[in-house]
Amino acid sequence: MTTQITNQITQEDIQVGEIANGLPLTIPVYRIKGNATGPKVYIQANMHGAEVQGNAVIYQLLEQLKHMHLTADITLVPYANPIGCNQKSGEFTLGRFDPITGTNWNRMYQDNTFLVKEFVQKHLNSDFETIRKEFRQALISEVDKVLDGPAYAITTGKRIALNLQKLAHKADIVLDLHTGPISSKHLYCPKYAKTSASYFDIPHVLMIPNDFDGAMDEANFCPWWSLTEAFSALDKEFPVAVEAFTVELGSQELIDLKEAKNDADSILSYLTYKEAFTDSKHQPKTMLRYVCELKDYIAFYAPMGGMVEYLAPLGSHIKAGEPIANILRMERYLSEQPLQSICLDQDAITILHFASASVNQGTELYKFMTNYKQLT
């Protein structure tokens with residue numbers, strides 16, 4: 001008779017700020033300990049207020065992880081932004097931008113790549129484990145330096161971001177769970193981790209360069225990638241020690257627990273590949289996966305204002321010249337053609353579109369993968 005495993009799940013509510021009445025602003029952090037031979041894993045969700053599906057995925061992950069033989073230590077943070085998920089306007093959740101500063105909540109992390117130059121000079125003769133341990137501590141200390149500095153120098157959003165970044169810097173694998181407005185599943189993947197992309201059950205992959213633009217995945221992989229490049233320039237081999245991804249789970253303002261189970265299985269497939277378990281049977285699904293460079297992931301802006309009928313299905317391969325939308329302009333009914341057909345001038349894969357049918361001229365209508373190829 002097989003005895004079922006029940007791993008202990010612990011919860012810590014960490015303070016990331018204070019609200020106007022002086023009470024603490026906290027986020028829940030769940031942890032499951034493995035046998036310490038595997039990687040350290042950090043997974044967060046709901047940094048943007050309307051992007052709630054990641055919470056359901058973390059639930060489904062916890063439901064499975066508590067019965068698995070873990071080698072990995074896994075930290076999971078739902079509701080990563082307690083202000084954003086409570087930014088409501090009528091029946092809609094806003095929460096993409098800090099309402100005080102206007103800054104994207106996911107663009108407030110800190111770039112610590114500047115630490116690399118001095119660090120490599122000190123550790124040219126150090127071994128892999130020493131480098132990994134010392135550089136990780138340097139990253140954490142740099143975040144602490146800001147958090148422990150003058151409180152008046154940090155905005156609310158920056159303080160939330162830095163507390164999350166400190167948790168993430170302790171990990172070897174970082175997954176930031178997001179959704180789009182109306183979106184298909186897709187993955188932001190650093191180029192050096194291309195092989196890992198095929199272990200997620202995600203059909204569309206965006207290869208991103210080693211450029212920091214403020215996001216959680218970049219805050220984690222950019223310093224390590226830069227460290228590897230700096231050592232390589234000095235003829236020292238040091239493989240990139242951290243993988244970080246933004247995982248786009250579909251559309252915002254939606255919880256789908258059945259689909260969340262599929263997404264959890266996808267993540268467990270990747271973590272199985274990274275040797276986070278000893279008993280996992282999770283394997284990637286057989287599917288066609290397509291990849292393009294981030295520079296070829298293009299936005300299509302509404303050429304005119306009006307009411308939009310979206311014609312390009314999510315994930316569909318469209319040909320140049322095919323209609324992607326109809327725009328209805330009823331105030332022009334007697335003066336011009338009120339229904340305008342809109343086309344794209346190149347082959348593409350439809351990844352996401354704007355959530356509303358009512359758009360101004362210049363609204364980001366769609367995002368497309370172009371110059372794509374099959375991921376092998």
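These are my notebook entries on the sheet, the pockets, the cavity and a few single residues of this structure.

**Entry 1, the model**

I am working from a predicted model, and I read every value below as computed from that model.

**Entry 2, the sheet**

I began with the strands and found an open sheet of 10 strands with mixed pairing, in the order E1-E2-E4-E3-E7-E11-E9-E10-E12-E21. The edges are formed by E1 and strand E21 (373-374), each of which pairs on one side only.

At the E1 edge I followed the pairing of strand E1 (residues 9-18) with E2, where the two run antiparallel and are joined by nine bridges. Within this pair I noted that Asp-13 stands opposite Pro-28 in E2. The hairpin of E1 and E2 has five residues between its strands, and in this hairpin Gly-22 takes a positive phi near 90°.

Further into the order I looked at E3 and E4, which pair in the parallel sense over five bridges. Here I recorded Gln-44, which stands opposite Val-77 in E4.

**Entry 3, the largest pocket**

Which residues lie nearest the centre of the largest pocket? I found His-48, Glu-51, Arg-96, Pro-181 and Glu-364 there, out of a lining of 35 residues. The volume of this largest pocket is about 1200 Å³.

I then sorted the lining of the largest pocket by residue class and obtained 14 nonpolar, 11 polar and 10 charged residues. Several elements supply at least two residues each to this lining, namely strand E6 (92-93), strand E7 (173-180), strand E9 (186-190), helix H6 (216-233), E11 and strand E20 (364-369). Of these, E7 gives the most to the lining of the largest pocket, with three residues.

**Entry 4, the second largest pocket**

The second largest pocket holds about 830 Å³ of space. It is lined by 34 residues, and the closest to its centre are Pro-39, Lys-40, Arg-136, Lys-170 and Asp-172. Two or more lining residues come from each of strand E2 (24-32), strand E3 (40-45), strand E4 (73-77) and helix H3 (128-147).

I noted that H3 provides the largest share of the lining of the second largest pocket, with five residues. Sorted by class, the lining of the second largest pocket comes to 17 nonpolar, four polar and 13 charged residues.

**Entry 5, the enclosed space**

How many cavities of 30 Å³ or more does the count give? I found one cavity that reaches this size, and the volume of the largest cavity is about 40 Å³.

The lining of the largest cavity consists of Lys-185, Phe-200, Ile-202, Val-247, Glu-248, Leu-249, Asp-263, Ser-266 and Ile-267. Strand E11 (243-251) and helix H7 (257-273) each supply at least two of the residues in this lining. I had wanted to see how nonpolar the lining of the largest cavity is, and its residues divide into five nonpolar, one polar and three charged.

**Entry 6, the cysteines**

I looked next for disulfides, and the count comes to zero. For Cys-292 I checked the surroundings, and the nearest cysteine sulfur, that of Cys-189, is 12 Å away. Since a disulfide is called only for cysteine sulfur atoms within 2.5 Å, Cys-292 is in no disulfide.

Is Cys-292 buried or exposed? Its relative accessibility is 3%, so I entered Cys-292 as buried. Cys-343 has a relative accessible area of 36%, and I therefore entered Cys-343 as partly exposed.

**Entry 7, two asparagines**

I closed with two asparagine side chains. Asn-81 lies in the loop between E4 and strand E5 (88-89), and with a relative accessible area of 0% this residue is buried. I then asked what the side chain of Asn-81 reaches, and found the backbone oxygen of Met-47 at 3.0 Å.

Asn-163 lies in helix H4 (residues 156-168). I noted its relative accessible area as 17%, and Asn-163 is therefore buried, given that buried means under 20%. A polar atom of the side chain of Asn-163 lies 2.8 Å from the backbone oxygen of Arg-159.

Key: Residues are numbered from 1 along each chain as its sequence is written. This is a predicted model: local features need pLDDT of at least 70, side-chain atom pairs count only at pLDDT 80 or more; totals for chains, interfaces and linings use all residues. Side-chain values use heavy atoms; hydrogens and water are left out. On a 1 Å grid over the protein atoms alone, a cavity is a set of points where a 1.4 Å probe fits but cannot get out, and a pocket is an open set with protein on both sides within 12 Å along at least five of seven lines; lining residues have an atom within 4 Å of a point. Grid points are joined across faces, edges and corners, and a volume is the space filled by probe spheres set on the points. Helices (H or I, at least four residues) and strands (E, at least two) are DSSP runs, numbered from the N terminus. Ala, Val, Leu, Ile, Met, Phe, Trp, Tyr, Cys and Pro count as nonpolar, Asp, Glu, Lys and Arg as charged, and the others, Gly among them, as polar. Two strands pair if DSSP finds at least two bridges between them. Buried means under 20% relative accessible area, exposed over 50%, partly exposed in between (1.4 Å probe, protein chains only). A polar contact is a pair of N or O atoms within 3.5 Å; within protein, one must be able to donate a hydrogen and the other to accept it, and residues adjacent in sequence count only if both atoms are side-chain atoms.
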